[in-house]
Amino acid sequence: MSKVTVYTSNTCPYCTMAKDYLKDKEINFVEKNVQSDKEARDELIAMGYTGVPVICVDDEQIVGFDKNRLDELLK
């Protein structure tokens, strides 16, 4: 099974959509809220991103909520 991490913030509607989608698909994931977790924010910046959601599936990174790409990586 793939390791999935979702970088989120409190006010991001696309983050909510991504999390809901993963829950509906019964995919386990770790949520890292960059708004309340400085370490998560530092990780995101170190990867070269400043916006959320960023969804990491194993070694692949998806910027934004891209349902098709997510399905591709989770097969």
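Modeller: A nonpolar core is a set of buried Ala, Val, Leu, Ile, Met, Phe, Trp, Tyr and Cys residues joined through side-chain atoms within 4.5 Å. Happy to apply that here, bearing in mind that this model is predicted.

Colleague: Thanks! Which element gives the most residues to the largest nonpolar core?

Modeller: That core has 10 residues in all, among them Val4, Val6, Ala18, Tyr21, Leu22 and Leu70. E1, helix H1 (13-24), E3 and H3 each give two or more residues to this core. With 3 residues, the top contributor is H1.

Colleague: Leaving aside neighbours within four places in sequence, which residues does Leu22 contact?

Modeller: Leu22 belongs to the largest core, as do Val4, Val6 and Leu70. With those sequence neighbours left aside, the contacts of Leu22 are Val4, Val6, Ile27, Phe29, Leu70 and Leu74.

Colleague: How many residues are in the other core?

Modeller: This core lies apart from the largest one. Val34, Ala40, Val54 and Cys56 are among its members, and its total is 6 residues.

Colleague: On to the sheet: which strands are at its edges?

Modeller: The sheet is open, with 4 strands in mixed pairing and the order E2-E1-E3-E4. An edge strand here pairs on one side only, which picks out E2 (30-33) and E4 (60-63).

Colleague: And what is the bridge partner of Val4 in E3?

Modeller: E1 (residues 4-8) and E3 (residues 54-57) run antiparallel and are joined by 4 bridges. In E3, Val4 has as its bridge partner Val57.

Colleague: Finally, at what angle does helix H3 run to E4?

Modeller: H3 covers residues 67-74 and lies across E1, E3 and E4. Relative to E4, the angle of H3 is about 165°.

Methods. Residues numbered from 1 in each chain as written. Predicted model: local features only at pLDDT ≥ 70, side-chain atom pairs only at ≥ 80, totals over all residues. Heavy atoms only, no water. Pairing = 2+ DSSP bridges. Contact = heavy atoms within 4.5 Å. Axes fitted to C-alpha atoms, helices over the stretch in contact; angles between N-to-C directions. Buried < 20%, exposed > 50% of the residue type's maximum accessible area, 1.4 Å probe, protein only.
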